[in-house]
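Visitor: I'd like a close look at one part of this protein, please. Could you walk me through the aromatic rings and then whatever else catches your eye?

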Amino acid sequence: MTCAAPTLQASRRSVFASEISPFRTSSRAFSYFAPARRRCLFQQPRALYTPTGRQAFSTSQWRQLATVDDSFDPRQQDRESDEVDVCIVGGGPAGLSAAIKLKQLATAAGNEDFRVLLLEKAGEIGAHILSGNVIEPSAVNELFPDWLSDDNPSKFEGATRATHDKMRFLTRNSAIPIPAPPQMNNHGNYIISLNQFCRWLGERAEEAGVEIYPGFAASEVLYGTDGAVKGVATNDLGISRSGEPKPSFERGMEFHARVTLFAEGCHGSLTKQVIKKFDLRRDSQPQTYGLGLKEVWEVPDEKFKKGEVVHSMGYPLPSDTYGGGWMYHFGDNLVSVGLVVGLDYPNPWLSPYGEFQKMKQHPLYRSVLQGGKCISYGARALNEGGFQSIPKCAFPGGALIGDTAGFLNVPKIKGTHTAMRSGMLAAEAAYSALSTPSESAAATAETADGDTIFLFDYEDKLRKSPIWSELHQVRNMRPSFHSPLGLYGGIAYSGLEAFILRGKSPWTLKHKEPGDHAATKTADQSPQITYDKPDNEISFDILTSVNRTGTNHEEDQPSHLQVKDWEKHGAEMWPKYKGLENRFCPAGVYEYVEDAKGGDAGGTGMKFQINAQNCIHCKTCDIKAPAQDINWQTPQGGEGPKYVMT
């Protein structure tokens, strides 16, 4: 349905006044309208939605009539609210799978009024999605058995069957064949663009009746009087860099739900808050992370090997740094090439972006890419902690699903199937609890406000699912690289686990405490690393790559990269790490610049600054900053990268 907005503000107000009045006096708020009309209302300027009996807010009147005694602040307006059965935060594989499964269950039960709402911070579904990606189809086969069938008019068109695997250990100029562990066997799997796949899932979700609202960035968790999660709120729009409302100011909206599922992906901003509030990591080890950098290339016919899957270890990464590269041939002459770098790397001089550009110059990669064209770039953090780092996933009023909970299988280099399955399991538990609350003592708990849903059944389903057994089997591989032998010790032990022990060892290795940020050594303890100037054929400077992401942020807004104390950060970090932030960021967001006035870095003449408009939402800064004083928050909805084929 196309929403045609009236051209005059006055007429727009008169139109909405008659429509909004009924649901403002109704306990169901926006649910007074059919889903298509609700979506149109949501997409109109939110400042026009005013409670019945209250004069519509006008910025011009406000500025003309205000006096020195007038303390009115438009940010104190009541937020509009909507009530749904389930609210899902995040439009990735987990969130979309959960939404689709919920509507499938409701439709099968004849419950057409069951409302599922999904919020996505990107301007469109898939725009912030990035992955390798070779998908294991077990979960999508269950959700849509005909997803690749020629008889299905809505089949997914972007799948390339994986035909053969290669595993190589790289030295500077050589590629040595090594046996791939059985977890990396891709027989029956498909190479896809996860960006495209999520767009396709979004279309299927809308067909099923899910209410999807891209461009709505959930920025606040809402709690009931009993402390349970009761939904989320989106951020206010039209706030200036100084924190004051601009003429374009629009109040955020509240979405209330009996169950809220957080599917934000790795290191979600709201997930961090929920984990802390409910102490969900009390029985798990710290999460450890990697940073994945990816490009998509179009290569000449003679270099394209459709369905080939190549993985590499070793060069260019030093032996004390976990990681590896990939190269997947898919679609029509497209090659996905990338590098994952474990964020527990110790050397502050190391630049993951620089290592990626260096890797592409290796003959294994250069021989394929030379003569081709880079068409896309992106980067994102990923969870690598595995089994030991899974937190409690259920809490009063909601649950964590997908990569926000950490279900990536690192040795298999796959997480889409586990993310989707976790969303489907949460959907089953949520629908069961919501449809029969009085009979489901295991799923609900009585509170003063009524029934607060606690998805005990979701936790049980996870432990009985392939997710749990799959991650348990490989639990010792990633932490084995923490040994004094580094890369070579980790390879040897992982081979033992993969081919002989097969996860049956009576021990469970631990990750380093307290986290990746603490692994960073000071600059004077580490050998300095320099990187060659890009040749603009195979390797590129960082701003050229950022330009390929389609990233856009309005400059006149508060920075979504929040530093507790700018002067203290510069004064403490520059002398110790000599610009670590500039090197770990894959988008050139952070930098230290010379300042004739002395700077803020302890009088060293260097000034710390942030170019927030470059941010591609990878969240590495929130993870790797040694002082843990950088907090990544969602910017205005619809901003950030606009990935293509990633």
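Are Trp147 and Phe156 buried or exposed?

Guide: Let's start with your pair, keeping in mind that this is a predicted model. Trp147 and Phe156 are both buried. Their ring centres are 6.2 Å apart and the planes meet at 15°. Planes under 30 degrees apart count as stacked, so Trp147 and Phe156 make a stacked pair.

Now follow the rings outward. Trp147 and Phe156 belong to a cluster linked by ring pairs, together with Phe144, Tyr190, Phe197 and Trp200. Across the whole structure, a search turns up 25 aromatic pairs. Another stacked one is formed by Phe454 and Phe456, with 4.2 Å from centre to centre and 25° between the planes. Unlike the buried Trp147 and Phe156, Phe456 is partly exposed, at a relative accessible area of 39%. That value puts Phe456 in the middle class, because buried means under 20% and exposed means over 50%.

Rings can have charged neighbours too, so to speak. Take Tyr223: Lys277 lies over its face, 4.6 Å from the ring centre. Tyr322 has a partner of this kind as well, since the charged end of Arg478 sits over its ring at 4.0 Å from the centre.

Next, have a look at Glu470, which you'll find in helix α12, spanning residues 466-473. Its relative accessible area is 12%, so Glu470 counts as buried. The side chain of Glu470 makes a polar contact of 2.9 Å with the side chain of His417. Leaving aside residues up to four places away in sequence, Glu470 touches Asn409, Lys412, His417 and Thr418. So His417 turns up twice here, once as a polar partner and once in the list of residues that Glu470 touches.

Last stop: the cysteines. A disulfide is a covalent bond between the sulfur atoms of two cysteines. How many does a search of the whole structure find? Zero. Cys615 shows you the reasoning nicely: the closest cysteine sulfur belongs to Cys621, and it is 6.4 Å away, which is too far for a bond. The cut-off for a disulfide is 2.5 Å between the sulfur atoms. Cys615 is buried, with 6% relative accessibility. Cys87 is buried as well, at 0% relative accessibility.

Note on methods. Residues are numbered from 1 along each chain as its sequence is written. This is a predicted model: local features need pLDDT of at least 70, side-chain atom pairs count only at pLDDT 80 or more; totals for chains, interfaces and linings use all residues. Side-chain values use heavy atoms; hydrogens and water are left out. Helices (H or I, at least four residues) and strands (E, at least two) are DSSP runs, numbered from the N terminus. Buried means under 20% relative accessible area, exposed over 50%, partly exposed in between (1.4 Å probe, protein chains only). A polar contact is a pair of N or O atoms within 3.5 Å; within protein, one must be able to donate a hydrogen and the other to accept it, and residues adjacent in sequence count only if both atoms are side-chain atoms. Contact means heavy atoms within 4.5 Å. Rings of Phe, Tyr and Trp (its six-membered ring) pair if their centres lie within 6.5 Å; planes under 30 degrees apart count as stacked, over 60 as edge-to-face and the rest as tilted. A charge sits over a ring if NZ of Lys or CZ of Arg is within 6 Å of the ring centre and within 35 degrees of the ring normal.
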